[in-house]
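Biologist: Please take a close look at the ligand site and set out what surrounds the ligand. A few remarks on other parts of the chain can follow.

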Amino acid sequence: MTSSVLDQVLEEIKNSVGRDRVSIDADDLITYGRDWTKAYAPKPSAIVFPRCTQEVSQVLKICSAQGVAVVPSGGRTGLAGGAMATNGEIVLSLTRMNHMADVDSIAQTITVEAGAITEAVHQKTAAQGLTWPVDFASKGSSHIGGNIATNAGGVRVIRYGLTRNWVLGLKVVLMSGEILDLNGSLEKNNTGFDLRQAFIGTEGTLGVITEATLKLTRLPAESTVAFFGLKDLDRVFDLFLRARKSPFLVTAFECLSRGCLEAVLEVQGLRDPLPSVSEQYVLLEIEKPQSADQLELLDQWLLDCLDSGITESATLAQSPKEVQEIWALREGVAESLGHRGRVHKHDISLPLSKLQAFLKDWGRALGTQYQGMEPYIFGHIGDGNLHVNVLQPKGMNSPEFERIAEGMDAEMFATLKKYQGSVSAEHGIGLLKKNLLEFSKTPVEMQLMRSLKNVFDPKNLLNPGKIFD
Ligand SMILES: Cc1cc2nc3c(=O)[nH]c(=O)nc-3n(C[C@H](O)[C@H](O)[C@H](O)COP(=O)(O)OP(=O)(O)OC[C@H]3O[C@@H](n4cnc5c(N)ncnc54)[C@H](O)[C@@H]3O)c2cc1C
């Protein structure tokens, strides 16, 4: 885009929606031109902050007419580079569109603008005894629009499923400026294609979400958390089976390796709640038993886990403060590993029944040639979802590190394909994982995805280069 085209487009946008909606301030360009991904340099031309759906429509219409590319941007916590503007695009930030309507407690829904912060929605709905059960560590910054565009997962998928399950209606603006109102607040609506689904998890490549009607559920009863030390990953799976068969309602089952725990303890200055050192750790969250009998049952269940040799140590949180302290150990892993240096990371998933076989096969494929590059593994193991992180060893330069880590990737993705796994469980493809898509999608699927993109955005101006080129 030449500077005269950009000047003309920005002038048109200012005249159409207001001069204060546009920024070319250097700090804004850096802040809003990037997401959480550290792998790319932000290089947007301008940032536009619309205040309503109509303004989004006017902005997109102007950009479409002039052939200017647009990157939709939410809370910028994405981990795949989906909201990165690296090529002179205009960033459309939904930050100022954060209105939340009143909770409809009969239908158990709330309608919010796309820029509403996830945690703000939790707080507003909790006051009515309800919740939108999409929950993870970045909820204090992420937007509802970003959660929907990434079909976010998180720590309670085992209980509630993915974001897709909790979206009733969407207002979406196409690159042409056309506004779609999809499904309103209907629970049932079998009238042919459900177009709403096309915008969930497609990372802002097909349309800009401006408003959503979210389905709510009752706020869970008070939960409690146990933390276990285990000898190895086989025992983690044994414990998972036991937890599933127990009389308790499991709301989270998360794992982290010793290396991950050490990183959190060191970087965040937290306390190890267990008396001894183990190779693997599990955080188990359940709805808190209400009667004395059930509490006794829980104590007995924990003792049985220890007696049977599945777990080496265990602790049950005794107060809401201890619940928080244990959750901090799990939620602090990603950030703490980042503090230790450059991290090469992946977010993979497998059918649960194949996870153990995959890990063993991959371990065998790595053999001894990658010593000093052991992966740090943690994540939502109850959903078959592992975050695999490799840290750059001290003394190794970055190109060498990336070259070796890519060798490990090649072994991992070949094994993943064998077990019908996914190269991206919940973070999306964005810019970061485009080259991996072929491991999870067939050529026919790729062709259909391109055709769909062409229907919604024939000029390829909305988030171009994301998911595929
Ligand atoms: C510490 C940490 C922990 C995390 N834990 C999890 C986790 O457990 N599970 C999980 O799933 N994710 C997790 N994430 C990733 C991230 O928080 C989610 O992907 C989140 O849903 C992104 O929301 P966002 O508003 O920040 O989106 P952004 O990063 O701003 O954007 C993400 C994508 O959505 C598009 N987009 C944003 N808004 C819109 C819109 N209104 N319309 C159309 N497209 C739009 C962008 O173009 C981009 O492609 C974590 C991130 C961090 C930093």
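Modeller: A polar side-chain atom of Asn463 lies 3.1 Å from an oxygen atom of the ligand, which fits a polar contact, a pair of N or O atoms within 3.5 Å. The model is predicted: local features need pLDDT of at least 70 and side-chain atom pairs pLDDT 80 or more, while totals for chains, interfaces and linings use all residues. Residues are numbered from 1 along each chain as its sequence is written, and side-chain values use heavy atoms, with hydrogens and water left out.

Two backbone contacts can be set beside that of Asn463. A backbone N or O atom of Gly78 is 2.7 Å from an oxygen atom of the ligand. A polar backbone atom of Ile209 is 2.9 Å from a nitrogen atom of the ligand. On its own the ligand has 980 Å² of accessible area, and the protein covers 95% of this (Shrake-Rupley method, 1.4 Å probe). The elements that each give two or more residues to the shell are β3 (70-73), α5 (144-149) and β9 (208-215). Such helices (H or I, at least four residues) and strands (E, at least two) are DSSP runs, numbered from the N terminus. The largest share, four residues, comes from α5.

There are 35 residues around the ligand, and Pro72, Gly75, Thr77, Gly78 and Ser138 come nearest; a residue is counted if one of its heavy atoms lies within 4 Å. By type, the shell holds twelve nonpolar, 20 polar and three charged residues. Here Ala, Val, Leu, Ile, Met, Phe, Trp, Tyr, Cys and Pro count as nonpolar, Asp, Glu, Lys and Arg as charged, and the others, Gly among them, as polar.

Now for helix α14. This helix spans residues 443-456, 14 in number, and reaches 20 Å from first C-alpha to last, close to the 20 Å expected at 1.5 Å a residue (1.5 Å times one less than the number of residues). Met446, Lys453 and Phe456 are its buried residues, buried being under 20% relative accessible area, exposed over 50% and partly exposed in between (1.4 Å probe, protein chains only). These three lie on the same side of α14 because they cover an arc of only 90 degrees around the axis, taken from the directions from the helix axis to the C-beta atoms. Pro443, Val444, Leu448 and Val455 are exposed on the other side.

Last, Leu174 sits in the loop between β7 (167-173) and β8 (179-182). Leu174 is buried, at 11% relative accessible area. Leu174 and Leu60 are 114 residues apart in sequence and 7.7 Å apart in space, C-alpha to C-alpha.

How values were computed. A polar contact is a pair of N or O atoms within 3.5 Å; within protein, one must be able to donate a hydrogen and the other to accept it, and residues adjacent in sequence count only if both atoms are side-chain atoms.
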